[in-house]
Amino acid sequence: MTVRDRYFGVLGTGSAAPERILTNAELETMVDTSDEWIVSRTGIKERRIADEKTTSSTLAHRAALAALESAKLGAEEIDLIICATVTPDMAFPATACLLQDLLGLRRIPAFDLSAGCSGFGYALSVAESMLRSGPYKRALVVGVDLLSRITDYEDRSTCVLFGDGAGAAILGELPEGFGILASELGADGARGSLLQMPAGGSLRPASLASVEERQHYIRMQGSDVFKFAVRIMDEAGKRVVAQAGLEMDQVDLVVPHQANMRIISAAASRLGLPEEKFFVNVERYGNTSAASIGLALDEAARSGLLKHGDHVVLVGFGAGLTWSALVIKWWAEGDQHGSC
Ligand code: ACO
């Protein structure tokens with residue numbers, strides 16, 4: 001069991017999703033698929049798609065403002081920004097820096113982190129370490145992805161899965177025993193080719209050929225990712241719960257990466273937890289990558305599902321292949337940001 005001398009956790013959450021809904025019925029008109037196939041294989045009924053004016057930084061900004069409001073904090077009280085994304089506004093500057101500017105902040109460190117759908121968990125864990133060891137008091141963590149910008153709407157095996165969204169959390173110090181109790185981050189780079197966007201980087205810069213060959217879209221070997229996801233959610237979930245000094249039956253809620261209902265059901269069964277303990281919104285958003293866990297956590301918190309003192313497990317997997325798992329003892333008493 002990991003012993004912490006100071007505890008940091010979530011002071012407030014926020015999320016944002018574009019207005020436009022892309023339904024399974026609409027996808028039926030675009031590729032050779034059916035509502036029945038999509039729902040039975042994935043659980044997804046609809047997903048949100050950003051309009052042309054929306055970017056990762058502007059959607060992240062909306063989620064960040066909601067998180068600040070829920071934490072009852074002003075933007076000026078934040079002194080660190082970490083943004084998890086695989087769809088930054090541009091390769092550089094970092095989307096976190098664009099977000100810093102949108103929030104009217106100056107000087108504070110702001111950087112992006114790329115860990116695919118595990119990004120939100122990675123960012124929470126990195127922020128917690130920086131708060132514990134550095135001169136920072138409060139961190140803004142945002143997971144945002146506009147996967148619609150890198151989805152091939154001619155590829156039925158991927159285009160039914162993905163959507164756009166943003167999830168945010170404000171982290172700060174909490175009384176002893178609350179907040180993040182344990183975390184595990186991991187990666188298996190040897191499996192990187194299972195889920196990638198082949199072109200647009202230094203390996204294969206954008207060219208006429210790369211565009212014609214449709215190399216700027218997500219390419220995925222779905223069934224291999226599926227097997228990895230089920231195994232890692234089980235293994236990392238068990239390890240992180242033990243690391244927090246808990247038994248599995250002390251877990252009150254699991255907020256898993258929202259990729260596919262069948263992955264969530266299989267992970268629940270392996271972890272020996274009832275599916276009712278898993279928060280699920282994949283039917284409304286699809287897979288929103290780095291946004292997924294933050295968006296789900298915000299909906300769970302706002303719907304009153306998370307009670308003061310609850311043990312919440314956040315667990316995800318994604319491009320890399322990566323995984324992240326955290327145990328949080330939820331703080332929701334009185335003033336969200338406590339007296340620390
Ligand atoms: N509609 C109809 N048929 C389809 C569709 C579709 N949208 N997509 C694929 N099929 C067909 C395939 O062509 C195949 O047909 P065939 O047997 O004639 O060749 C058949 O359905 C079965 O295809 P599989 O790929 O074996 O289907 P599977 O049951 O594995 O489901 C899925 C595919 C949903 C993609 C699944 O593998 C999955 O969810 N994998 C995990 C994906 C995931 O979570 N990715 C996110 C990672 S996170 C990140 O960082 C973005």
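**Exercise 1. Work out whether Arg20 is buried, partly exposed or exposed, then do the same for its salt-bridge partner.**

Step 1. Arg20 has a relative accessibility of 41%, so Arg20 counts as partly exposed. The cut-offs are these: buried is under 20% relative accessible area, exposed is over 50%, and partly exposed lies in between, with a 1.4 Å probe and protein chains only.

Step 2. Now for the partner: the side chain of Arg20 meets that of Glu26 in a salt bridge, at 3.0 Å from N to O. A salt bridge here needs a side-chain nitrogen of Lys or Arg within 4 Å of a carboxyl oxygen of Asp or Glu.

Step 3. Glu26 comes out at 29%, so Glu26 is partly exposed too.

A quick word on the ground rules. This is a predicted model, where local features need pLDDT of at least 70 and side-chain atom pairs count only at pLDDT 80 or more, while totals for chains, interfaces and linings use all residues. Residues are numbered from 1 along each chain as its sequence is written, and side-chain values use heavy atoms, leaving out hydrogens and water.

**Exercise 2. Find the salt-bridge partner of Arg106 and say how accessible each of the two is.**

Step 1. Arg106 pairs with Asp101, and their closest N and O atoms are 3.2 Å apart.

Step 2. Arg106 has 54% relative accessibility, so Arg106 counts as exposed.

Step 3. Asp101 has a relative accessible area of 45%, which makes Asp101 partly exposed.

**Exercise 3. Explain how Asp298 and Arg302 are placed along their helix.**

Step 1. Start with the bridge: the closest N and O atoms of Asp298 and Arg302 are 2.7 Å apart.

Step 2. Both sit in helix H11 (residues 292-302), four residues apart, so about one helical turn separates them. Helices are DSSP runs of H or I with at least four residues, strands are runs of E with at least two, and both are numbered from the N terminus.

Step 3. Asp298 is buried, at 3% relative accessibility.

Step 4. Elsewhere, Asp152, Glu154, Asp155, Arg214 and Arg219 are joined into one network by salt bridges that share partners.

**Exercise 4. Step back and describe the whole protein: how many salt bridges, helices and strands are there?**

Step 1. Searching the whole structure turns up 19 salt bridges.

Step 2. There are eleven helices and 13 strands.

Step 3. Of the 340 residues, 56% are buried.

Step 4. The C-alpha atoms fill a box of roughly 55 × 45 × 35 Å, taken along the principal axes.
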